[in-house]
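Let's walk through this one together, question by question. Have the sequence and the 3D view open.

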Amino acid sequence: MNPVFADLPTTVFETMSRLAQAHGAVNLGQGFPDDPGPADIRERGARALVSGWNQYPPMMGLPVLRESVAAHYARHQGLDLDPATEVMVTSGATEALAGALLALIEPGDEVVLFAPMYDAYLPLVRRAGGVPRIVTLRPPAFRLDEAALAEVFTARTKLVLLNNPLNPAATLFGQADLALLARFCRCFDVVALCDEVWEHVIFDGGRHVPLMSLPGMRERTVKVGSAGKIFSLTGWKVGFVMADARLMRVLAKAHQFLTFTTPPNLQEAVAYGLDKDDAYFEGMRAGYARSRDRLASGLRRLGFSVLPAQATWFLNVDVTGLGHADDAAFCETLVATHGVAAIPVSAFYADAAVRNLVRLCFAKADATIDAALERMAGVM
Ligand code: PMP
Ligand code: GLN
């Protein structure tokens, strides 16, 4: 007889997308855009596929992409990365995160996490043998504070995992938050794994500060990015990891046994895309900001209380007082009765510390947003 395995949870994105399908709902749950992504990058990927980029590319990624990643982050974030030793291509940010956790955590090591957190973090930390130490961040500001950090950092802390900008909060940690965290990392000699997949999706003139750029953090930060978010190509699963060469050697060991590599035609197309000029990035942000405003003003007209969104593809609404036990119950009714799928934010807290927020994805065509709003009119 087989042993009984400790089960992993089912991701909320899979659960909600299934429900969306079952109910024929407008899906504002899982974060993916209606937009198919830039045509020239897709054509480039298709041409590379047909013209023969189809065998295993190098384990660390195509040199052309690693060079393009280094040049991209030098231009946009002032980082100085050696493409030969400090950049690695992964199959999405997810692989980068899983690999980094497997590579860097020994069973029993403590890992500092911040809730709300992307739902893959906690199961991955636990499977790597890490002991989670979670700081609860609360709406509407979701700020870090010194007392909370002082409570979770100990001599056993090996790693801190930060997501900036923060999904699902749609907030941005700025210089002051990062300086505070960096001080703790230096003081306790901790590695920071920084998931910065939303670094380009920031609105209203906000600026992304990479944690790696803070004093004393260059050698102890593993930075993670994703072409899925940069180019609205979530299905491509092309990610990148950047770290100092000493850390990278360890990260590469995990990557070689996880996926080894990532489809070469997609890597070639992403290398081309990363050279895009500022107009692309400004246009992308302006387009999403318009969609954010369309959904936010529609929801406010219906009477919802909408939290500000500084970044990401997500808006949060406060469902307190709408007659439901919590956010999960609200989402169940919303999808089953009104035909709109959304994500309960409590799914991003280990202990459901916050249960009154619902996340809606606005990376959608106007018609999709309007259809969702029409259906949601019945809720209020
Ligand atoms: N981290 C965060 C914070 C995310 O929001 C996402 C996906 N939206 C990922 C990681 C996963 O990225 P990828 O699809 O490149 O694996
Ligand atoms: N990152 C996406 C989100 O936050 C979902 C990715 C997934 O489905 N795993 O909605």
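Q: Which residues does Val-340 touch, not counting those up to four places away in sequence?
A: First, the ground rules: this is a predicted model, where local features need pLDDT of at least 70, side-chain atom pairs count only at pLDDT 80 or more, and totals for chains, interfaces and linings use all residues. Residues are numbered from 1 along each chain as its sequence is written, with chains lettered from A and ligands numbered from 1 in the order written. Touching means C-beta atoms, placed from the backbone, within 7 Å. On that basis the partners of Val-340 are Ala-25, Val-26, Leu-28, Leu-334, Val-335, Ala-372, Arg-375 and Met-376.

Q: Which helix gives the most to the largest nonpolar core?
A: A core here is a set of buried Ala, Val, Leu, Ile, Met, Phe, Trp, Tyr and Cys residues joined through C-beta atoms within 7 Å, buried meaning 20 or more other C-beta atoms within 10 Å of a residue's own. The largest one has 120 residues, and Val-340 is among those with the most contacts inside it. Helices are DSSP runs (H or I, at least four residues) numbered from the N terminus. With eight residues, the top contributor is α4 (residues 92-104).

Q: How many residues of domain 1 are in contact with domain 2?
A: An automatic or database assignment sets the bounds, giving domain 1 (12-30 + 282-379) and domain 2 (39-273). Their centres, taken over C-alpha atoms, are 26 Å apart. Domain 2 brings 22 residues to the contact, and domain 1 brings 24.

Methods: A residue is buried if 20 or more other C-beta atoms lie within 10 Å of its own, exposed if 12 or fewer, and partly exposed in between; C-beta atoms are placed from the backbone. Helices (H or I, at least four residues) and strands (E, at least two) are DSSP runs, numbered from the N terminus. Two residues are in contact if their C-beta atoms, placed from the backbone, lie within 7 Å.
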